Amino acid sequence: MSQVQGKLTVGILALQGAFAEHQTALQKVASARKITVCLVRTPDDLQKCDALIIPGGESTTIALLAKLAGLLEPLRQFSKEKPIWGTCAGAILLAQVVENTKKGGQDLLGSMSITVARNGWGSQVESFEAPLSVDGLRNSEKPFTGVFIRAPVILALHPSPDVPPIHVVARLPVGTVPKSSAASVQLDPDDPRTIVAVRQGKHMMTTFHPELTKDGRFHEYFVQTCVLPSLSMS
């Protein structure tokens, strides 16, 4: 375990996007646990971390800046050993396959056996919120407000005996996608496009932005479900 004054260190990739909002949310969790929050901008920053959050933003830009900072390969190696949680753009970077990329494609970490599509619900003006039921959250009977802004859509899960099991954490309730959305078709409850949060091994992705709410339960969930178990196994 990386130690800073005896504390667990959780990093936030701070190259572009909503990293400051994640920092605020995580610091609230940190006050109740022995956690240090580290903004990651260099490979040296990453080496201090026991886990990492990749924020929402623009996935192509984050990948490019990571490459320019010499972080891309260290991030890939980190993902083989330690937990990463990707939100929105971060979820895209964690995916194995991405559709609807910009011309020329983009670099990925490929850490989760999942196919996603960029901007799957449409443009910025088609952003929406939805109440999510999530087993495992503190006060799980209280819905978590999912904020979807140019959100990616999960198109397929790729389970295999060669990779850790994939666990669906949350789905969109039927009827919550606005009619104005590019994907406003009526979705079957089992349609993979309804999946908005998923775990695989040490990693987790959410296609929405938990950091844009005042509800820190998903940050608690990441620490409790992904980070602490991975440390006990190392």
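**Figure 1. Secondary structure and overall burial of the predicted model.** The protein comprises six helices and 12 strands, shown here as a predicted model. Of its 234 residues, 51% count as buried. Among contacts with a separation of 6 or more, 73% are accounted for by residues 24 or more positions apart. The protein exposes about 10,600 Å², and carbon and sulfur atoms supply 51% of that area.

**Figure 2. The largest nonpolar core, with Phe222 as the focus.** This core has 36 residues. Those with the most contacts inside it are Val10, Phe148, Leu172, Phe208, Phe218 and Phe222. Its largest share, seven residues, comes from helix α6. Apart from neighbours within four places in sequence, Phe222 is in contact with Val10, Ala51, Leu52, Ile53, Pro83, Ile84, Trp85, Met204 and Val227. A second core, separate from this one, has 32 residues and includes Cys38, Ile62, Leu72 and Leu93. In soluble globular proteins, nonpolar side chains tend to be buried together.

**Figure 3. The buried face of helix α3.** Ser59, Ile62, Ala63 and Ala66 are the buried residues of α3. Viewed down the axis of α3, these residues fall within an arc of 100°, and they therefore line one face of the helix. The partners against which the buried residues of α3 pack are β1 (8-13), α4 (72-81) and α5 (89-94). Ile62 is also among the residues of the second nonpolar core.

**Figure 4. The surroundings of Ser59.** Ser59 is placed in helix α3. Ser59 counts as buried because its relative accessibility is 2%, against a cut-off of under 20%. When neighbours within four places in sequence are left aside, the contacts of Ser59 are Ala89, Ile92, Leu93, Gln106 and Arg118. Of these contacts, Leu93 belongs to the second nonpolar core, and Arg118 takes part in a salt bridge with Glu58.

**Figure 5. A nonpolar patch on the surface.** Leu64, Leu65 and Leu68 form this patch, and together they have about 300 Å² of accessible area. Leu68 is located in helix α3. With a relative accessibility of 67%, Leu68 counts as exposed, whereas Ala63 and Ala66 are among the buried residues of α3.

**Figure 6. The salt bridge between Glu58 and Arg118.** The closest N and O atoms of Glu58 and Arg118 are 2.7 Å apart. The pair links distant parts of the chain, 60 residues apart: Glu58 lies in the loop between β3 (51-54) and α3 (59-68), and Arg118 in the loop between β6 (112-117) and β7 (128-132). Both partners are buried: Glu58 has a relative accessible area of 12%, and Arg118 has one of 7%.

**Figure 7. The salt bridge between Arg138 and Glu220.** The side chains of Arg138 and Glu220 meet at 2.9 Å, N to O. Arg138 lies in the loop between β7 and β8 (144-148), and Glu220 in helix α6 (residues 217-233), so the pair ties together parts that are 82 residues apart in sequence. Arg138 is partly exposed, with a relative accessible area of 43%. Glu220 is likewise partly exposed, with a value of 26%.

**Figure 8. Arg217 and its contacts.** Arg217 is found in helix α6. At a relative accessible area of 3%, Arg217 is buried. Arg217 and Leu137 are separated by 80 residues in sequence, yet their C-alpha atoms are 6.1 Å apart in space. Beyond its neighbours within four places in sequence, Arg217 is in contact with Leu137, Arg138, Asn139, Ser140, Lys142, Pro143 and Phe144. One of these contacts, Arg138, forms the salt bridge with Glu220.

**Figure 9. Further salt bridges of the model.** The count of salt bridges comes to eight. Lys67, Glu73, Arg76 and Asp107 are linked in a network of such bridges. Asp45 forms a salt bridge with Lys48, in which the closest N and O atoms are 4.0 Å apart. In this pair, Asp45 counts as buried at 15% relative accessibility, while Lys48 counts as partly exposed at 43%.

Terms used. Residues are numbered from 1 along each chain as its sequence is written. This is a predicted model: local features need pLDDT of at least 70, side-chain atom pairs count only at pLDDT 80 or more; totals for chains, interfaces and linings use all residues. Side-chain values use heavy atoms; hydrogens and water are left out. Buried means under 20% relative accessible area, exposed over 50%, partly exposed in between (1.4 Å probe, protein chains only). Helices (H or I, at least four residues) and strands (E, at least two) are DSSP runs, numbered from the N terminus. Patches are made of residues with over 30% relative accessible area and no salt bridge: like charges are joined within 9 Å, nonpolar side chains (Val, Leu, Ile, Met, Phe, Trp, Tyr) within 5 Å. Accessible areas come from the Shrake-Rupley method with a 1.4 Å probe; for residues, only the protein chains shown count as cover. A nonpolar core is a set of buried Ala, Val, Leu, Ile, Met, Phe, Trp, Tyr and Cys residues joined through side-chain atoms within 4.5 Å. Contact means heavy atoms within 4.5 Å. The arc is that of the directions from the helix axis to the C-beta atoms.
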